Each structure stands twice: as structure tokens, then as C-alpha cells.
Number of protein chains: 4
Amino acid sequence: MDNGTNPLKVAVIGAGYWGPNLARNFSAALDWELVAICDKDTARAAALARKVGFPAVVGSVDELLTGHDVDAVAIATPARTHHAIAMQALAEGKHVLVEKPLADRGDAGRQMVALAQERGLVLMADHTYCYTPAAIKIRDLVFGGELGEILYIDSVRINLGLVQPDVDVFWDLAPHDLSILDFILPGGLRPLEVSAHGADPLGAGKACVGYLTMPLAGGAIANIHVNWLSPTKIRKMVIGGSRKTLIWDDLNPQQRISVYDRGVNLDCQELVRGDVTERTEAAISYRLGDTWSPSLEEFEPLGRMVAQFHASITTKLPSPTDGSAALRVLAVLEAASRSLAEGGSNAAVDGSGIELQEVLR
Amino acid sequence: MDNGTNPLKVAVIGAGYWGPNLARNFSAALDWELVAICDKDTARAAALARKVGFPAVVGSVDELLTGHDVDAVAIATPARTHHAIAMQALAEGKHVLVEKPLADRGDAGRQMVALAQERGLVLMADHTYCYTPAAIKIRDLVFGGELGEILYIDSVRINLGLVQPDVDVFWDLAPHDLSILDFILPGGLRPLEVSAHGADPLGAGKACVGYLTMPLAGGAIANIHVNWLSPTKIRKMVIGGSRKTLIWDDLNPQQRISVYDRGVNLDCQELVRGDVTERTEAAISYRLGDTWSPSLEEFEPLGRMVAQFHASITTKLPSPTDGSAALRVLAVLEAASRSLAEGGSNAAVDGSGIELQEVLR
Amino acid sequence: MDNGTNPLKVAVIGAGYWGPNLARNFSAALDWELVAICDKDTARAAALARKVGFPAVVGSVDELLTGHDVDAVAIATPARTHHAIAMQALAEGKHVLVEKPLADRGDAGRQMVALAQERGLVLMADHTYCYTPAAIKIRDLVFGGELGEILYIDSVRINLGLVQPDVDVFWDLAPHDLSILDFILPGGLRPLEVSAHGADPLGAGKACVGYLTMPLAGGAIANIHVNWLSPTKIRKMVIGGSRKTLIWDDLNPQQRISVYDRGVNLDCQELVRGDVTERTEAAISYRLGDTWSPSLEEFEPLGRMVAQFHASITTKLPSPTDGSAALRVLAVLEAASRSLAEGGSNAAVDGSGIELQEVLR
Amino acid sequence: MDNGTNPLKVAVIGAGYWGPNLARNFSAALDWELVAICDKDTARAAALARKVGFPAVVGSVDELLTGHDVDAVAIATPARTHHAIAMQALAEGKHVLVEKPLADRGDAGRQMVALAQERGLVLMADHTYCYTPAAIKIRDLVFGGELGEILYIDSVRINLGLVQPDVDVFWDLAPHDLSILDFILPGGLRPLEVSAHGADPLGAGKACVGYLTMPLAGGAIANIHVNWLSPTKIRKMVIGGSRKTLIWDDLNPQQRISVYDRGVNLDCQELVRGDVTERTEAAISYRLGDTWSPSLEEFEPLGRMVAQFHASITTKLPSPTDGSAALRVLAVLEAASRSLAEGGSNAAVDGSGIELQEVLR
């Protein structure tokens with residue numbers, strides 16, 4: 001690319017479930033040029049290419065990186081292949097966007113981030129929910145103090161989902177919740193420990209139902225329920241605050257976000273005086289105020305996401321879902337897997353390499 | 001009582017939040033005669049008495065037991081007082097009904113059950129949900145094999161609730177869920193261990209948000225989410241089965257129970273042959289069948305409950321919420337408290353005295 | 001009654017479906033004394049009396065009016081009997097409260113109002129919804145200009161309802177909607193004409209499904225859908241305004257009222273200039289603002305209603321559901337019956353005797 | 001087209017709101033070849049062409065019909081232009097698919113149907129809802145007698161909609177409801193008369209809120225509520241039957257169709273004997289049975305629709321949304337406009353040319 005006036009060239013690797021969404025958005029963006037679709041199954045790649053303006057069809061990553069002039073690649077292959085493909089692309093000097101989770105192991109992710117930093121390239125995770133109008137509004141409300149101190153976060157993401165061949169339900173679904181938490185919490189997602197409980201009642205060889213609990217700063221708690229076996233779909237997050245409580249019901253397009261001026265007040269001055277019983281009874285009061293549902297802008301999150309990928313490349317500034325954000329998510333997932341293997345123990349979260357890029361927060 | 005033709009005489013102890021409901025139902029039942037309301041606050045007792053046919057107003061348990069001829073008492077006082085009042089009433093030869101939880105400690109409950117057995121008296125817990133049309137229908141469906149093997153149970157009971165002076169959110173709300181599980185599971189509620197995570201983000205001195213996880217037979221898992229800080233009320237239980245999955249949404253009177261013929265099938269024969277990857281992919285299929293919502297009889301659960309109390313006294317047969325059922329609930333709560341104190345460890349559940357009364361199951 | 005310190009004495013006539021609700025609320029009110037329950041079926045009256053503090057049981061209106069000292073009567077008998085009972089009670093100098101509809105014919109209602117005025121007695125309709133927290137809040141919002149000009153009102157009140165022996169679905173259910181409209185519209189309910197369409201597809205001898213349409217001031221329209229044959233219950237009213245639109249979903253206790261800052265704006269200045277096509281396209285814009293759900297006070301509407309009945313008697317001031325309000329409702333129902341008989345013609349509404357009592361509005 | 005092995009060639013006329021959906025589906029269908037996009041705004045046509053495999057871009061219908069070899073055209077332009085474009089295409093021997101409504105006047109539609117018949121060409125309306133899994137399932141249930149006799153149909157289709165420049169809310173939205181009724185009623189939509197009430201409270205020059213009522217066979221009634229001013233979106237149809245009642249809630253993807261075994265039974269034998277009062281009370285009973293929600297196939301309705309267009313061309317058999325179906329819809333709309341102009345009178349529906357094509361029903 002000579003200057004800012006030419007679009008960046010990108011290839012999408014993987015034409016399965018998610019790749020078409022990425023291809024469609026790169027194709028529609030004026031500052032991107034989609035130059036190739038890469039998939040071992042070239043018929044599948046060709047079928048996708050037909051729908052997105054006939055970019056080249058390529059059957060292997062080697063062929064892509066040697067035979068095509070691209071600035072960036074977007075990887076939408078199974079999680080276990082992310083590391084190898086991303087390392088190869090970074091080694092060839094390409095900026096890399098990776099579908100969630102960044103990798104299927106924490107150390108793999110850390111290698112990817114290290115290589116990108118070393119080469120001065122952008123490595124970004126496609127944590128799509130962080131680019132939704134709802135998540136952006138929630139982040140604004142939390143950062144603006146509208147909810148007060150966070151008291152608890154409860155997230156439910158359940159559905160009759162595809163039992164994945166290479167990852168369990170935690171690694172498949174919880175990246176969504178964890179990346180959202182990382183995005184909307186002012187300090188990012190940095191729990192010291194996490195506890196995971198799961199079940200594989202079908203004998204599928206991996207957890208299909210799971211619960212993830214972690215303490216947050218200030219005595220708060222976060223819980224995530226992920227489930228592949230639910231007959232109904234729920235995607236709901238409750239963010240309880242000391243001032244207000246927010247509910248994000250992602251499947252209710254008519255009222256996705258509700259902010260409740262309802263809650264329990266504890267008067268701390270009274271807590272100092274008096275005996276225990278009296279103080280508790282005296283100090284507690286209840287707010288039963290109005291509910292408010294902000295209107296949300298309407299835009300396609302993936303459109304924002306590919307725009308952010310472009311911006312990060314041109315400005316050199318990190319995105320909200322950069323490599324370090326992805327590592328914070330991986331660190332929790334890794335600890336969750338350890339906890340699960342130990343029957344739900346509190347597993348420490350490895351904090352290496354997960355510093356917040358303050359410039360963006 | 002001379003014979004079966006005269007109603008049994010009962011007194012309600014406690015005229016606070018729950019006592020009026022008990023008094024109203026005893027008053028309306030033809031086979032019960034409500035003879036007294038007992039409360040330290042006699043004005044409160046008198047106000048209640050006015051609404052339920054003017055039974056006697058009594059200011060203390062001593063006065064009640066010495067001055068009034070009753071066959072039974074119903075205790076609706078704070079949990080910490082259940083043990084003393086029940087022991088006194090049992091010692092005086094009265095049948096006893098106790099609001100949930102049976103006691104605020106497991107050993108207190110076990111003493112109550114032991115004394116009742118020794119004296120040949122009925123001790124029954126007011127686990128109200130076990131007398132709802134929904135729970136009775138669910139039990140029928142589970143016992144009849146309609147759902148197949150239980151795979152997971154997820155229960156959510158959250159609300160902007162009163163922060164209780166003497167118990168935390170687990171002891172306040174989870175008895176509902178646990179007693180339902182005890183009622184609808186063919187083997188009763190007998191997990192070997194339980195893990196509890198909670199938070200007290202307001203500094204109320206006790207957990208206000210809590211999660212309870214326990215393994216069930218056959219690799220299944222049960223999770224209970226209780227919460228006093230939620231701005232909206234949810235009372236929903238999902239019972240995932242190998243054949244069908246049931247959702248009980250207690251706040252949807254138009255469709256309280258839905259049974260989904262949807263789920264994941266794993267073909268076990270294929271699992272024996274082939275290599276791992278192939279077998280898993282080949283063996284998994286999905287059912288996307290119809291949903292069915294059974295009509296439910298309409299009756300007041302507390303009416304059924306006081307009728308069952310009467311039946312247990314006259315027939316000497318245990319009720320579904322007899323002392324041993326109440327002990328199974330207490331045993332889980334006790335283990336949960338231990339787990340909570342230890343940061344979410346897996347705490348063993350004390351199984352003493354919790355045998356199922358087979359005659360009833 | 002010597003002075004304001006003694007409660008007023010009231011009898012409830014009719015111990016069927018609605019009478020018990022009235023009896024319970026009169027019984028609970030400190031400024032009322034419930035002295036008798038009157039019903040031809042004295043066993044039914046006695047059963048009710050037992051639950052409300054043992055007032056006298058009386059078998060006929062004659063017996064009630066001659067044998068008991070009452071200030072007021074509350075009539076909860078079938079609609080066709082309202083006129084005779086109320087006329088008799090008014091003639092005996094009693095204040096009268098009547099379950100909706102005030103009468104089953106407009107002229108009967110007008111006679112009742114005339115006699116009450118002549119005798120200086122209070123005649124009030126039990127239009128219960130006008131005493132709900134929701135209706136009171138809506139009236140405040142409309143009167144305060146929050147919604148702007150009313151553009152349309154759409155009300156749906158459907159259920160699997162009892163097919164009434166003496167009235168059709170319009171006279172059974174629409175009094176609720178019409179009395180609410182009368183209450184919340186600044187000018188009261190005074191349409192010049194009304195059109196009714198109905199069906200009796202079961203051959204029950206009267207309309208079981210009905211639609212009522214009437215023009216409101218300023219080009220607005222109101223439509224009411226009443227239905228006894230619906231398998232699900234809906235009670236929902238949409239009040240579209242030029243500034244905001246309000247939805248009252250009475251069966252959603254967690255969010256009964258929602259106020260939407262959404263709508264279509266038509267710029268009137270531009271309408272004057274330009275040609276038709278251009279002007280319309282240029283002038284229309286859309287608002288997609290926030291939604292707001294006000295918290296509502298919690299109280300029992302019938303408690304408010306009996307308090308208002310008391311206040312009207314003692315202050316001589318009309319209530320929002322006084323005789324003239326009831327006549328406005330009857331006038332629309334009468335016109336609706338005429339329209340129905342004529343296949344849906346626009347039937348003129350008789351406006352005699354329906355002046356608003358300005359003192360209250 | 002030489003034989004059945006070559007795809008049919010089609011052009012889409014109109015690249016505005018709906019054209020892209022048609023273009024996408026023709027482009028994806030193997031038995032269609034999308035050869036051109038035609039729009040006065042050629043930039044808009046070109047933008048669409050880029051997304052659907054780069055068909056030719058054409059700026060006028062003349063140019064399309066003279067310069068391009070097409071078997072069929074699909075018209076997605078404003079309603080007032082349908083007639084002229086369709087007549088021109090039919091005259092040139094092209095099969096024609098027209099977005100709803102077929103035309104903006106009944107006689108225009110009848111001319112189009114007549115010319116198509118004369119030329120032996122397919123003229124089909126894009127009544128999209130008739131190709132949804134829900135409508136197809138409902139038709140099966142109605143035709144199979146599952147609901148019994150139809151008692152009433154209530155349809156609500158409201159939203160904050162675009163105020164159309166050339167049609168009012170009846171002509172914009174009610175074609176959906178009317179075409180569904182035509183599709184699911186065994187005799188097709190053939191009411192003898194219709195009554196329409198509407199309002200233009202904004203002064204937009206046309207009705208923005210409307211109600212359409214029509215008698216159906218056997219004393220049943222159908223009502224349609226269409227509204228451009230509603231802040232929330234509702235698309236719900238209730239089909240009350242003598243055996244069961246069905247509710248189609250199109251915005252509830254998790255339970256689009258519910259079939260309720262609930263209703264009112266009237267015992268006709270008893271109706272013959274006895275006096276009026278007795279008979280009515282004796283004869284009425286209530287069913288409170290289960291609810292059933294059938295699973296629905298998942299497919300894109302427009303895919304089915306373009307497949308049906310192809311099938312009608314190759315087989316010469318009429319489709320469920322052929323010209324005569326479209327005329328039945330137009331005839332009701334025309335009568336509705338007359339009724340509206342006359343203040344809601346019962347306007348006769350012109351039945352000419354609307355015979356059912358029995359082969360398909």
C-alpha cells in the first residue's frame with residue numbers, strides 16, 4: 001500500500017461457518033479489498049467467492065502467502081489451527097485477525113502476541129460482541145459511573161449448540177462473555193482466580209454444560225453459564241451496580257438494554273454504631289425507581305470490527321480486542337480448564353502478558 | 001379429637017410475613033379448626049385473627065401450649081427460632097408444621113426429627129413449591145420417564161429480595177429449589193458433595209448473591225442461582241433430560257411448563273467403533289421436535305399442603321415434605337455454608353437421617 | 001352517622017364473583033363498617049360473611065333496607081338487576097356503589113343518576129381500573145402533556161372468558177376500556193359516533209368477539225377489541241401521542257407501563273409550501289429515542305375505590321367514576337349495540353346527562 | 001431456454017428496498033440465472049449488482065426488454081408503477097413476478113391477469129408470507145381439520161413504519177394479512193363485504209392507522225389491525241377454531257406457532273330443548289387442555305417463492321399466489337378504500353376474476 005488512499009488487501013482463511021461473515025464485511029468495506037478466500041475445500045471457497053465479488057480462490061495458506069499480495073489475513077478456522085496459521089502469517093509480515101478464541105492454549109496465544117509485537121504487526125481477536133451497539137453503550141454507562149460500583153455480573157449463554165470437535169463448551173461459548181467483561185470493566189478482565197464446574201452427561205468426551213465463577217474487584221462476583229444442551233436460546237447478562245442495575249437481553253431486539261433504578265441501599269454510617277442486629281435492620285433500604293431503556297444505534301458489529309482492524313493497522317494504536325485482551329480471555333479459560341480438571345478448585349489466573357493498553361481505555 | 005369426624009385443632013405461631021397465608025388456609029379447610037394465632041406482637045396477631053374468623057390471640061408459646069387445646073402447631077417465625085419452638089411443641093405432644101428452612105442448622109433439624117419419631121408425632125416442612133400444580137406435574141413426568149435420564153438442572157430464583165436478618169441468601173431462597181429437587185428426583189436429593197460461591201458486595205454481613213453446584217447421579221449437574229439484588233424477578237428451572245427437556249417458568253402463568261422434544265443425541269454404538277474424531281462427529285445428531293405445554297390443574301398449593309399435614313396425622317404415613325425430606329435440604333445447605341467458608345471447595349454432604357420414606361415414592 | 005369519627009355503614013348486595021372483593025375491601029377499611037351481606041342464596045352470603053368478620057346475612061334487598069341501618073349499599077349482582085336495586089336503595093336514601101356496567105340500558109342509567117341527584121345522594125360506578133396505579137399514572141402523563149396530542153388508542157382485552165347469561169362481550173368487557181378512556185382523556189369519553197362489529201360464531205345468542213371503533217377529537221381514533229374466545233389472556237392498551245407513545249401491558253407486572261420516545265414527525269411548516277409529493281417526503285422524520293418505564297406505587301385498586309366512595313359521600317364532591325362518567329360509558333355501549341344491530345353502521349352517541357364534573361378534572 | 005437443463009433467465013426491476021432480496025434469491029437459485037438489475041438510479045443498480053454476481057446494469061425497462069434476453073422479470077418498484085411495467089413485460093412475452101400489492105387499483109390488476117392469461121404467461125405475486133414455514137404449517141393444520149371450523153381471525157401488524165408516498169397503511173401492510181388469509185382458508189379469501197376504519201392523525205394525507213373487518217363463512221369474523229405509528233413491532237395472528245385455536249407470533253422465533261386446546265364448547269343438542277336461560281347455562285362448557293407448538297422447518301421463504309415461480313413457468317400450473325390470488329387481495333383492498341371513504345360502511349367486494357385455481361387447493 002503506497003499511501004492511505006489505497007485500500008488494504010486482505011484474505012479470509014476458512015470458508016466454513018464464520019468466514020463468510022468476515023468475507024462479506026471486508027467485501028463491503030471501502031477501505032478494504034478482499035483479494036482471496038483460502039480453504040482446503042476449494043469448492044466451498046469458490047462458492048463463497050461468488051457471493052463476495054469473486055476474489056481469488058486459494059487451497060492452502062502456503063499458496064496464499066507466497067502467491068498473493070496481501071496486507072492482512074483473517075483466520076476463521078478451527079481453534080486448534082489458529083496458532084500455526086497466525087505464526088506463519090506474522091512471520092511473513094502480515095497483520096492478523098483471529099476468530100475467537102485466539103488460540104486453544106494460553107502459551108500458544110502468548111507466542112502469537114510476542115511475535116506480532118516483535119514484528120510490529122497488528123494481532124487482533126474477532127471478539128465480535130465488543131463491537132455491538134449494546135456492548136458499546138454498556139461500556140459507556142459503566143465507565144461513566146451510571147451503574148456505580150459493580151456488585152455482580154451474571155451471564156447466561158445457552159442454546160442447543162453444536163458440540164464442537166476440538167473444544168468444550170467453555171472454550172466455545174465463554175470467550176464471548178469473557179471478552180465482553182474485559183471490554184466493559186474499567187480495569188479489564190483480571191480475576192486472580194476462577195472456579196469452573198461442568199458436566200458431560202451425554203458422554204461426549206468434553207463438558208457440554210458449564211459454570212464459571214470468579215471474584216471481581218471490591219467483593220463482587222461474576223458467573224457465566226454456558227450450555228450446549230438447552231432447548232431454548234438465552235443470551236442475557238445482568239450487571240448489578242451499587243447505583244443501578246443493567247440487563248442486556250440480546251435476543252430482545254425491542255428492548256435489548258434495560259437500566260433499573262432498583263436496588264438495596266446499605267447506609268454505612270449506621271453500620272459503625274449500634275449492635276449487629278439493629279444496625280443491619282436499620283441500615284437497609286430499597287430503591288424501587290424507574291426503568292430506562294436507551295435507544296441503540298443500529299449498525300453491523302462486524303462492519304465496525306473490520307474498520308477497527310484497519311484503524312489499528314494505519315494508526316498503530318491498539319484496539320479494544322487486541323492481543324493483550326485476547327490473552328486476558330485465554331488466561332481465564334486456561335485457569336477454568338485447570339479448575340474443571342480438579343473438580344472445581346479455585347485456579348489461579350496467569351497474568352503474564354495481559355497488561356491493559358492504557359491508550360485505549 | 002375423638003374420631004375422624006371432628007376437625008383437628010391447630011394454632012399458627014408467627015403473624016408476620018408467612019403466618020397469614022397459613023392461617024388463611026387452615027381457616028378455609030373444613031378438616032382443620034384454627035383455634036389460635038400466637039405472636040409476641042399481640043396487636044399483629046389480633047389484626048390477623050380478625051381476617052380469619054377470630055381465633056384466640058395468644059402472646060407466647062408457653063401460653064399457647066398450656067392454655068389451649070391444640071392437636072398441632074404451624075410455626076412461621078424466623079428460622080433461628082424454629083428449633084426451640086418445635087422442640088417445645090413436640091415435647092407437649094403436638095404435631096408440628098414448620099416454615100422452610102426446617103431449622104437454621106443441620107443438627108437442630110436432626111434433633112427435631114428424632115424427637116418427633118420418638119414421640120410418634122408428625123413433623124413436616126412447609127416446602128410450599130412441592131404442593132404446586134407445576135411441581136406435581138413435573139414429578140409425574142420425571143417419574144414416568146418422559147424426560148429420560150436427567151442430564152442437568154439449572155434453577156434461577158432471583159429478585160429484589162429482603163435481606164434477611166438471620167440467614168444468608170442460600171438459606172433464604174435455596175430451600176425452595178432444593179426441596180423441589182428432592183421432590184422431583186426419583187432418588188430424592190442426595191448429592192455427595194456441593195460447592196457454593198457467593199458474594200456480599202454491599203457489606204451486609206452475609207452472602208446476597210449465590211451459586212450452588214452439585215453433581216447428580218449419572219454425571220449430571222445441578223446449579224442453583226439465588227440472588228437478593230436482582231432488579232427483576234426470575235423463577236425458572238430447566239430440567240434437561242436425555243429424551244426431552246422441561247422448563248418451568250413460574251412467573252409465566254399462561255405457560256408455566258414447556259416440554260421440548262429438542263436435544264442432542266449421541267449414538268453409543270458408533271462410539272465403540274472407529275477412531276475418536278470420526279466417532280464423535282458421526283455419533284452426534286440433533287432433535288428439533290415439537291414443544292408441548294401441559295395444562296395444569298388450578299389449586300392453591302397451601303390448601304394442598306395443609307390437607308397433606310392432616311392426612312399425615314390421620315394416616316401416620318409420611319408426606320413428601322416430611323422431616324427426612326427437610327433434613328436432606330438442610331444437609332445440602334450446611335455443606336454449602338462450609339463450602340462458602342472455604343472459598344467454594346467441594347464440601348461433603350452429611351447423609352445421616354435422610355433416608356427416603358419409600359412408602360411415599 | 002353523627003360525625004366524621006364514626007365509620008360509614010355499608011352492605012354488599014351479591015355474594016357471587018365480585019361481591020367478595022368488595023366485601024373484603026370494605027371490611028379492611030377503617031372508615032367503613034361492613035354490616036351486612038345480602039344474597040338470595042343465604043348460604044353463599046354466610047360463607048362470605050365468615051371471611052370478612054361476620055357481618056349480618058340477609059336474603060333480600062327488602063329485608064336489608066328495612067331491617068338494617070346502612071348508609072350505603074354496594075351492588076354486585078347481574079347487570080340486568082342493577083337498576084331496580086339501585087332505584088330502591090336510592091329511594092330509601094342510601095348512597096349507592098354499582099359494579100360495572102352501571103345498568104344494562106342507557107335510560108335505566110339515566111334514571112338512576114337523576115334520582116341520585118334529586119335526593120342528593122352519591123351514585124358511583126365501580127370502574128375498578130380507574131383506581132389502579134397504572135391508570136392514575138397514565139392520566140397524570142396525559143394531562144401533563146407528556147404524550148402530546150393523542151393520535152390513536154388501541155385496546156385489547158381478550159381471554160377465555162365466561163359467556164355471560166345477560167350481556168354480550170361488549171357490555172361485559174368494554175366497560176373496562178371505556179371507563180379507562182373516560183378517565184385518562186382530558187375531555188372525558190365523548191365520541192360523536194361509534195361503530196361496532198361482532199360475531200357469534202358459536203351460536204351463543206350474543207356477540208362473543210367484538211371490535212369497537214370511534215373517532216376521537218383531532219382526527220384520532222380509538223379501537224377496542226374484546227373477545228371471550230381467546231385461549232390466551234391479553235390486556236394491553238396503546239396510547240399513541242404526537243410526542244410519545246405509551247403502552248400499558250397490564251399482565252406484565254415487571255413493566256406495566258412503557259413510554260416510548262419513538263414516532264413519526266410531520267413538519268407542518270413545510271406542508272404549506274411546495275407541491276404535495278415533495279412536501280410529504282420532505283416533512284416526515286422519525287424519532288427513535290429511549291424507552292422509559294415509570295415505577296408505580298403499589299396499592300390495591302379496590303381499597304382506593306372504597307376510599308373514594310367514602311370521600312364522595314363526606315365531601316359531596318364527585319368521583320372520577322361518578323354517575324355522569326358511568327353514563328358516558330353506557331352511552332357508547334348503547335350506540336355500539338345499535339351499530340351492531342345495523343351491521344356496523346356509525347351510530348350516534350347520545351350525549352344527554354354526561355357532562356363532565358369539572359370540579360374533579 | 002432449449003430444455004429443462006438450462007436455468008431460466010430473470011431480471012430484477014427496482015433496486016430499492018425489496019429488490020435486493022429478490023436479486024439475492026434468484027442469484028442463489030441454481031435453476032435461475034440473474035442476468036440484469038434494472039433501476040433508473042443505475043448507481044444503485046450497480047451497487048446491488050456487485051453483491052449478486054455482477055449481472056448487467058440497466059437504466060430503463062425499455063432498454064431491458066429490448067437489449068437483454070430474459071425469460072422473466074421480477075418487479076420491485078413502487079406500487080403505482082406495477083401496472084405499466086408488468087403490461088409492457090407481458091406484451092413482450094415475459095413471465096412476471098410482482099411485489100405486493102399486485103397493483104394499486106383493482107382494474108389495473110385485472111388487466112394484468114387478463115393479459116397474462118391471453119398470452120399464456122405466468123403472472124405471480126410475491127406474497128412472501130405464503131412461503132414461510134409458519135404459513136405452510138398453518139395451512140396444513142387448517143386444511144387437515146385440526147382447528148375445526150374457523151370462528152374468528154384477528155391479525156395485528158403494527159410497527160413504526162415508513163409512511164409510504166403512494167399508498168396508505170391498508171395498501172402497504174394489509175396485503176400481507178389478506179394474502180395469508182387467502183392462503184390458509186380452504187375457500188380462499190372471498191368475503192362478500194368489508195368495513196374499514198382508519199385515521200390520519202398526523203395529517204399525512206392518508207390513513208396511518210387502520211382496522212379492516214370482514215365476515216367470513218359460517219358467522220366467523222376477521223379483523224386486521226395495521227399501523228405505521230406503533231413504537232413496538234407486533235406481527236401476530238390468532239385463528240380461533242371450534243376445536244383448537246392457533247396463535248402465530250411471527251416475532252417469537254422460539255415459538256412462532258402455538259396451538260391451544262382451549263375454548264368454549266356449546267352443546268347444540270341441549271340448545272333445542274329447554275328454555276333460553278337454562279339451555280345457555282347448561283350448554284356451555286370450557287376446555288382447558290394442553291398447548292402444542294409444532295417445530296417448523298427452517299428455510300428462506302423467498303427461496304421457496306422463486307422456486308415456485310420457476311415451477312409455475314415450467315409446469316404451467318398455478319401457484320398459491322398466482323394472479324387470481326392477487327386479485328382476491330386487491331378486491332378486498334379496493335372495497336376497503338371505498339368503505340374508508342364512506343366512513344366505515346360495509347363495502348361490497350368485487351368477485352370478478354378471483355376464482356380459485358382448484359388444481360392447487
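## Chains C and D

A turn of 180° with a shift of 0.0 Å along the axis lays chain C on chain D with an RMSD of 0.0 Å, where copies are superposed by least squares on the C-alpha atoms of residues with pLDDT of at least 70 in both. The two copies are thus related as by a two-fold rotation axis. Of the residues of chain C, Ser345(C) comes closest to that axis, its C-alpha lying at 3.1 Å, and 100% of the contact residues of chain C recur in chain D, so the same surface serves both copies.

This is a predicted model, in which local features need pLDDT of at least 70 and side-chain atom pairs count only at pLDDT 80 or more, while totals for chains, interfaces and linings use all residues. Residues are numbered from 1 along each chain as its sequence is written, and chains are lettered from A and ligands numbered from 1 in the order in which they are written.

## Chains B and D

The contact between these chains takes 9 residues from chain B and 9 residues from chain D, two residues being in contact if their C-beta atoms, placed from the backbone, lie within 7 Å. Strand β14 (residues 284–293) of chain B and strand β14 (residues 284–293) of chain D run antiparallel and are joined by 3 bridges, and strands pair if DSSP finds at least two bridges between them. Thr291(B) has Ser293(D) as its bridge partner in β14(D).

## Ile136 in chain D

Ile136(D) has its place in helix α6 (residues 133–143) of chain D, helices (H or I, at least four residues) and strands (E, at least two) being DSSP runs numbered from the N terminus. Ile136(D) and Glu297(D) are 161 residues apart along the chain, and their C-alpha atoms are separated by 9.9 Å.
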